[in-house]
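These are my notebook entries on a structure that I am reading for the first time. I want to go from single side chains to the sheet and then to the helices around it.

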Amino acid sequence: HCHNVHVAKSNVSMKLSVIINTITIACASAFAPISPTKTHTSLTMTWRDDNIITLVPKFKIHEGKKEEYMKVLPKFLEKVKANEQDTCVFYGFVGPTEDDLVICREGYNSADGLLKHLANVDAELKAALENADIIELNVQGPPAELEKLKEPLAAFNPTYYPLVEGSFRSTKN
């Protein structure tokens with residue numbers, strides 16, 4: 001009877017060892033350098049320079065104004081979808097949190113694209129600012145593009161984060 005328990009433990013141990021080895025090999029191959037001549041479509045990733053300008057405003061909703069503020073967000077989304085197909089890379093809102101914070105995640109193909117966006121949503125931004133304050137504004141992107149934004153965005157007192165040279169993004173998105 002004890003012999004059967006030992007054999008069962010041994011079999012479990014062997015199966016675990018095989019599973020761990022399989023996972024280790026799979027993980028190692030997933031991160032192994034891929035030769036450009038290989039045609040493993042699922043493992044091949046093509047990269048390009050990251051030139052996206054990211055704008056991240058953080059809004060603090062005024063006390064008792066959450067409902068009015070939230071009504072404005074779909075209007076932003078509609079305006080961006082309708083007018084910024086050539087310049088907007090991504091756009092959306094996150095929140096509100098329990099302490100009434102909302103973040104807008106925005107990406108543009110250039111500083112000019114971001115400025116076009118601000119002109120496009122000017123009325124919506126004014127409506128949002130009747131019910132919330134921008135308490136933080138981060139702008140991220142290539143240094144030369146950030147320079148173009150410093151004067152137009154000065155009133156918002158943003159923090160600029162220059163993109164490190166050599167940064168990249170996938171060509172798939």
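**Entry 1, a pair of charged side chains.** Is Lys66 buried, partly exposed or exposed? I kept in mind from the start that this is a predicted model. I looked up the accessibility and found that Lys66 has a relative accessible area of 37%, which makes this residue partly exposed. Its side chain meets that of Asp100 in a salt bridge, with 3.0 Å from N to O. I noted that this pair links distant parts of the chain, since Asp100 sits in the loop between S3 and S4 while Lys66 belongs to helix H2, and the two are 34 residues apart. Asp100 has a relative accessibility of 18%, and because the limit for buried is under 20%, I entered Asp100 as buried.

**Entry 2, other salt bridges.** How many salt bridges does the count come to? I found seven, and I followed up some of them. One of them joins Lys71 and Glu67, at 3.9 Å from N to O; these residues are four apart in helix H2, so about one helical turn separates them. I wrote down both Lys71 and Glu67 as exposed. Another salt bridge is formed by Glu147 and Lys150, whose closest N and O atoms are 2.9 Å apart. Here the two residues are three apart in helix H5, and therefore they too are separated by about one helical turn. Lys150 is partly exposed, with a relative accessible area of 36%.

**Entry 3, the sheet.** I turned next to the strands and traced an open sheet of five, in the order S3-S4-S2-S5-S6, with mixed pairing. Why is one side of S3 and of S6 left without a neighbour in the sheet? Strand S3 (88-94) and strand S6 (159-162) stand at the edges and have a single partner strand each, so one side of each has no neighbour there. From one strand to the next, I read an average twist of 15°. Looking at one pairing within the sheet, I found strand S2 (residues 53-61) running antiparallel to strand S4 (residues 101-108), with six bridges joining them.

**Entry 4, one residue in the sheet.** I picked Thr54, which lies in strand S2 and stands opposite Gly107 in S4. Thr54 is buried, its relative accessible area being 15%. Leaving aside residues up to four places away in sequence, I listed the residues that Thr54 touches as Phe90, Glu106, Gly107, Asn138, Val139 and Gln140.

**Entry 5, helices on the sheet.** Which strands does helix H2 lie across? I found that H2 (residues 66-83) lies across S2, S3, S4 and strand S5 (132-141), and that it runs at about 165° to S3. Helix H5 (residues 143-150) also packs on the sheet, where it touches S2, S5 and S6, and its direction makes about 160° with that of S6.

**Entry 6, two helices together.** Finally I looked at how H2 packs with helix H3 (residues 111-120), and recorded an angle of about 130° with the axes 10 Å apart. That angle makes H2 oblique to H3, and the crossing of the two helices is right-handed. In the contact between them, Lys79, Val80 and Asn83 of H2 meet Lys116, His117 and Asn120 of H3.

Methods: Residues numbered from 1 in each chain as written. Predicted model: local features only at pLDDT ≥ 70, side-chain atom pairs only at ≥ 80, totals over all residues. Heavy atoms only, no water. Pairing = 2+ DSSP bridges. Axes fitted to C-alpha atoms, helices over the stretch in contact; angles between N-to-C directions. Contact = heavy atoms within 4.5 Å. Salt bridge = Lys/Arg side-chain N within 4 Å of Asp/Glu carboxyl O. Buried < 20%, exposed > 50% of the residue type's maximum accessible area, 1.4 Å probe, protein only. Parallel < 35°, antiparallel > 145°, perpendicular 65-115°, else oblique. Left-handed = near helix turned anticlockwise from the far one by under 90°.
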